[in-house]
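Have the model open in your viewer and keep the selection box handy. We will go from stop to stop, picking a few residues each time and looking at what surrounds them.

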Amino acid sequence: MIRRFIITSILLVSGLALFAQNTLKLLQTPAVKAVFPPLSYAYIALEPSIDSLTMRIHYSRHFRAYYDNFLKAVAGTPFETQTIQQVFGSAGNLPIALKNNAGGFYNHALYFEIMAPNSGGQPTGELAAVINQSFGSFDGFKKAFTSAAMGRFGSGWAWLIVKTDKSLAITSTSNQDNPLMDNAEVKGTPILLIDVWEHAYYLKYQNKRADYVTAFWNVINWKMVSDLYAKAIH
Ligand code: MN3
C-alpha cells in the first residue's frame, strides 16, 4: 500500500515535471509542429473549485478550437517555420486571426498546466521569498493579482511575469493577448495566469467572477510556478 503510494507519487511528480518542460518546449517549437497538449488530470479532478463540465468544455472545445485555428491560420504564412515564441515576437505584424489563435493556444496550454488537483496553498523557497519581497507578503500578492483579474474589463487574462530585469510584475491582457507579445503593455515571461473569459467560470459561477478568482487559489500548482520562475531567472 505504502509502496504503491510512493510509486504513484513518483510517477505523478515526474509526470508534472515533464509536462512543465513540454510547455516550455512548446515555445521553442516551430508553429506547424505544435501538438495539442494532454491534460495531466481528469476533468473532475479540480472539483469543487472548477467544475468538471466547465473543464470538459473549456479544454476539449475552446482550447482545442484555438489549437486547430492556430494551425489553420499559420499554414502557408512565413511564420509557420518560426517558433511560437518568435511568432509572439512579431505579434504587432500578425494577421489578427493568427495573433488571436496563437495566443489562445499558448495561454490555455499554460493555464491547464498551472492548475492541479491537491494543490493550492502557498509557494515555498525562492519564489516565496521573492513574492514577499515584491509585494510585501503573500496576501499582498494575492490582493494585487486578484485586483488585476477583477479589473480586466471584458475577456482576457491576468498574469504574474518575470521581466527582463528578473523582477516580478503583475499585468493583465485583453482577449488572447499575452506578455510575450512584442506589443504587450508590460512584457515578460509568464509564470502564473488566470483566464477571466466568462467561458472559464460562467457555468458554475455565472456573473460572479470574484468567486471563481477566489476558488482559483485552491488549484494553483505552486511547484510548477516555482519551476517556471527558476527557468525564467537562470
Ligand atoms: Mn479560456
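Is H108 buried or exposed? Select this histidine and switch on a surface: H108 is buried, with a relative accessible area of 0%. Keep in mind along the way that this is a predicted model.

**Stop 1: the manganese ion**

Now add the manganese ion to the selection, together with H58, H108, D195 and H199. These residues are the protein donors of the ion, through NE2 of the three histidines and OD of D195, at 2.0 to 2.2 Å from the metal. Read along the chain, the donors follow the spacing H-x49-H-x86-D-x3-H. H108 sits in helix α4 and D195 in strand β3, so this pair ties together parts that are 87 residues apart in sequence. D195 counts as buried too, at 0% relative accessibility.

**Stop 2: helix α2**

Next, select residues 52-74, which make up helix α2. Does the end-to-end distance of its 23 residues agree with what 1.5 Å a residue predicts? The expected span is 33 Å and the end C-alpha atoms are 31 Å apart, which agrees. Look along the axis for a kink of about 30°, centred on H58, a residue you have just met as a donor of the manganese ion.

Colour the buried residues of α2 next: T54, M55, H58, Y59, F63, Y66, Y67, F70 and V74. An α-helix has 3.6 residues a turn, so residues three or four places apart point the same way. Show the neighbours of these buried residues and you will find that they pack against α3 (84-89), α4 (96-114), β3 and α7 (202-205).

Step to either side of the helix for two backbone details. Before α2, in the loop that follows α1 (2-27), is P48; the peptide bond joining E47 and P48 is cis, with omega at about 0°. Just after α2, G76 takes a positive phi of about 80°.

**Stop 3: the sheet**

Switch to a cartoon view and select β1, β2 and β3. These three strands form an open sheet in the order β2-β1-β3, with antiparallel pairing. β2 and β3 stand at the edges with a single partner strand each, so one side of each is left without a neighbour in the sheet. On average, neighbouring strands are turned by 25° against each other, direction ignored. Helix α5 packs on this sheet and touches β1, β2 and β3, and its direction makes about 80° with that of β2.

Zoom in on β1, residues 156-162, where seven of seven residues are buried. In a regular strand the side chains alternate between the two faces of the sheet. Here G156, A158, L160 and V162 point one way, while W157, W159 and I161 point the other way.

Now trace the partners of β1. On one side, seven bridges join β1 to β2 (residues 168-174), and I161 has A169 as its bridge partner there. Six bridges join β1 to β3 (residues 189-195); in β3, W159 is partnered by L193 and V162 by T189. Before leaving, select K166 in the hairpin of β1 and β2, which has five residues between the strands: K166 takes a positive phi near 75°.

**Stop 4: P179 and its surroundings**

Which residues does P179 touch, leaving aside those up to four places away in sequence? Select this proline in the loop between β2 and β3 and show its contacts: W159, I161, T171, T173, A184, V186, K187, G188 and P190. P179 is buried, with a relative accessible area of 1%. For a distance to draw, pick the C-alpha atoms of P179 and K163: these residues are 16 apart along the chain, and the atoms are separated by 9.5 Å.

**Stop 5: two asparagines**

Finish with a pair of loop residues. N175 is found in the loop between β2 and β3, and N118 lies in the loop between α4 and α5 (125-135). N175 has a positive phi of about 50° although it is not a glycine, and N118 likewise has a positive phi of about 50° without being a glycine. How accessible is each? N118 counts as exposed, at 82% relative accessibility, whereas N175 is partly exposed, with a relative accessible area of 41%.

Conventions. Residues are numbered from 1 along each chain as its sequence is written. This is a predicted model: local features need pLDDT of at least 70, side-chain atom pairs count only at pLDDT 80 or more; totals for chains, interfaces and linings use all residues. Side-chain values use heavy atoms; hydrogens and water are left out. Buried means under 20% relative accessible area, exposed over 50%, partly exposed in between (1.4 Å probe, protein chains only). Helices (H or I, at least four residues) and strands (E, at least two) are DSSP runs, numbered from the N terminus. Two strands pair if DSSP finds at least two bridges between them. The expected span of a helix is 1.5 Å times one less than its number of residues. The bend at a residue is the angle between axes fitted to the seven residues ending there and the seven starting there. Contact means heavy atoms within 4.5 Å. Donors are N, O and S atoms within 2.8 Å of the metal (3.2 Å for Na, K and Ca); water is not among the atoms, so sites may look incomplete. Axes are lines fitted to C-alpha atoms, for helices over the stretch in contact, and angles run from 0 to 180 degrees between N-to-C directions.
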